[in-house]
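Biologist: I would like to learn how to read a model like this one. Please take me through it feature by feature.

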Amino acid sequence: AMHEGHVVSAQELTEFLQPFFAQNSRNLVLFLQDRLSIDDFTYFSESYGNKNLFQNEILQSSPSSLVLPAVDCKATKYLLNFLQESGDWTLTNVTNLNVSQLEVNASNPNLLVVQLQPLASGLKEVSTLEAIAENDKIIGRVTMDLQERGIHFSVIYTAVRPSRISRRTDVVAELRRHLMAAEEEDSLSYPPLNVTTGNYTCILFYASNFSLKASSSVLIDLTNATFVTQNVDISASECSDSNTTLSLKYTKPVNGINSLEIRFLMTNKFYEGSARKWSTLDSVEIVQDGGKLAKFSVSAISAPAEYSFHCQLVGTSNLYPARLVPFNDEAKNWDVFISELQV
């Protein structure tokens, strides 16, 4: 039994798996996805109006099973090394996902590592559904093939990192204490955007994807311009102890738009209830070609002043955990997509 909010450490994970090795099990299949969270099994289910993507019933048919709702990212990175060291396995990496060519010598202990296809970004909700459905079929094909051959096996289904981050403050305090670079060294290819006042760092802003869509048709991907080439003017950004504005100005980001400014308006206040200061992103503004102002109010983006805020998906979609809600009519002409926001 796991108490709510507990995150399984690498040490605890090895202890959970010890009974499996004590049985001297001969074959282990590790299905590895890029992102997965326990909530995905609900979110991508029939209860949310989707087709049931998870057709396999291995968990129900298995004589013993274990579900760990939250596992430390470092533990899953360590898992493959631990498995290889824990037995004299014949290691097979299955990457082309052609099950018919899968060769398993049942007389030797086998460790099969199946790299499932990555899930799409937050821009493509439908593609994410398709990827999960396809991965479920792959799991079904591999396990059915082993069963038909009469090979006994155990299965682990996990991921390199979570697809969803809890917004509950008692859980998130630990998650917020380090830059995402520490957690995702493999995928992080650029540092956060740094806004300074003199020698003092005022704002750090990071996203793995930062895109807008104008009038439901023109996609404007600002990720490279903001973080890689830094072809962005941040000189209008303002910092103070109580109010801070991150101003991002782009020149000709796409054909047909000469200038684009995006402003993130933040406040820093002391709250007596928690006896501490909290920084809050209150609104986001978009100005195209110096014309009309599109304004969005913001839900659920705040953090203790000493820490950063991080959310997997932020934007105008109803499906996102942190939403930008159109505040005026002009804002209804824009869609905003931000993945892995940290500010």
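**Charged pairs, strands and cores**

Modeller: Start with one side chain. E306 is exposed, with a relative accessible area of 54%. Keep in mind that this is a predicted model.

Biologist: Which residue forms a salt bridge with E306?

Modeller: First the general idea. Side chains of opposite charge can pair when their charged atoms come close. Now the case here. E306 pairs with R276, and their closest N and O atoms are 3.1 Å apart. R276 lies in strand 11, while E306 sits in the loop between strand 13 (302–304) and strand 14 (310–315), so the salt bridge ties together parts that are 30 residues apart in sequence. R276 is partly exposed, at 28% relative accessible area.

Biologist: How many salt bridges does the count come to?

Modeller: Eight. One of them joins R263 to E285, with the closest N and O atoms 2.9 Å apart. This pair also links distant parts of the chain: R263 is in strand 10 and E285 is in strand 11 (residues 276–288), 22 residues apart.

Biologist: Is E285 buried or exposed?

Modeller: Buried. The cut-off for that word is under 20% relative accessible area. E285 has 9%, so E285 counts as buried.

Biologist: Which residues are joined into one network by salt bridges that share partners?

Modeller: E261, R263 and E285.

Biologist: What about D145? Which residue is its salt-bridge partner?

Modeller: R149. The closest N and O atoms of D145 and R149 are 2.6 Å apart. Compare the cover on each. D145 has 18% relative accessibility, so D145 counts as buried. R149 is partly exposed, with 35%.

Biologist: Now the strands. In which sense do strand 10 and strand 11 pair?

Modeller: To read a pairing, look for the sense and the number of bridges. Strand 10 and strand 11 are antiparallel, over 12 bridges. For one register point, take T267: its bridge partner in strand 11 is T280. Then look at the turn. The hairpin of these two strands has four residues between them, and A275 there takes a positive phi near 55 degrees.

Biologist: Over how many bridges does strand 11 pair with strand 12?

Modeller: Five, again in the antiparallel sense, with strand 12 covering residues 293–298. I286 has A294 in strand 12 as its bridge partner. The hairpin of strand 11 and strand 12 has four residues between the strands, and D289 in it takes a positive phi near 50 degrees.

Biologist: And strand 11 with strand 13: how many bridges?

Modeller: Three, in the antiparallel sense. W278 stands opposite P304 in strand 13. For the whole chain, the secondary structure comes to eight helices and 16 strands.

Biologist: Next, the interior. Which residues touch the most other members of the largest nonpolar core?

Modeller: F210, I262 and F264, in a core of 42 residues. Strand 10 (residues 257–271) gives the largest share of this core, five residues. Apart from this core lies another, of 16 residues, including L17, L28, L30 and L111. Across the chain of 343 residues, 41% count as buried.

Biologist: How do I read a single residue, such as L219? Where is its place?

Modeller: Ask for its element, its cover and its contacts. L219 is in strand 8 (residues 218–221). L219 is partly exposed, with a relative accessible area of 46%. Beyond its neighbours within four places in sequence, L219 is in contact with S211, L212, K213 and V254. V254 is 35 residues away along the chain, and the C-alpha atoms of L219 and V254 are separated by 8.5 Å.

Biologist: For the whole chain, what share of contacts between residues at least 6 apart joins residues at least 24 apart?

Modeller: 61%. As for the surface, the chain exposes about 18500 Å², with carbon and sulfur atoms supplying 49% of it.

Biologist: Last, confidence. Where does pLDDT stay under 50?

Modeller: Read the average, then look for weak stretches. The chain averages a pLDDT of 81, and 85% of the residues score at least 70. Over residues 166–178 the pLDDT stays under 50, and the model has 18 contacts beyond four places in sequence for this stretch. Residues 181–187 are also below 50, with eight contacts in the model beyond near neighbours in sequence.

Technical notes
Residues are numbered from 1 along each chain as its sequence is written. This is a predicted model: local features need pLDDT of at least 70, side-chain atom pairs count only at pLDDT 80 or more; totals for chains, interfaces and linings use all residues. Side-chain values use heavy atoms; hydrogens and water are left out. A nonpolar core is a set of buried Ala, Val, Leu, Ile, Met, Phe, Trp, Tyr and Cys residues joined through side-chain atoms within 4.5 Å. Buried means under 20% relative accessible area, exposed over 50%, partly exposed in between (1.4 Å probe, protein chains only). A salt bridge is a side-chain nitrogen of Lys or Arg within 4 Å of a carboxyl oxygen of Asp or Glu. Contact means heavy atoms within 4.5 Å. Accessible areas come from the Shrake-Rupley method with a 1.4 Å probe; for residues, only the protein chains shown count as cover. Two strands pair if DSSP finds at least two bridges between them. pLDDT is the predictor's confidence in each residue, from 0 to 100.
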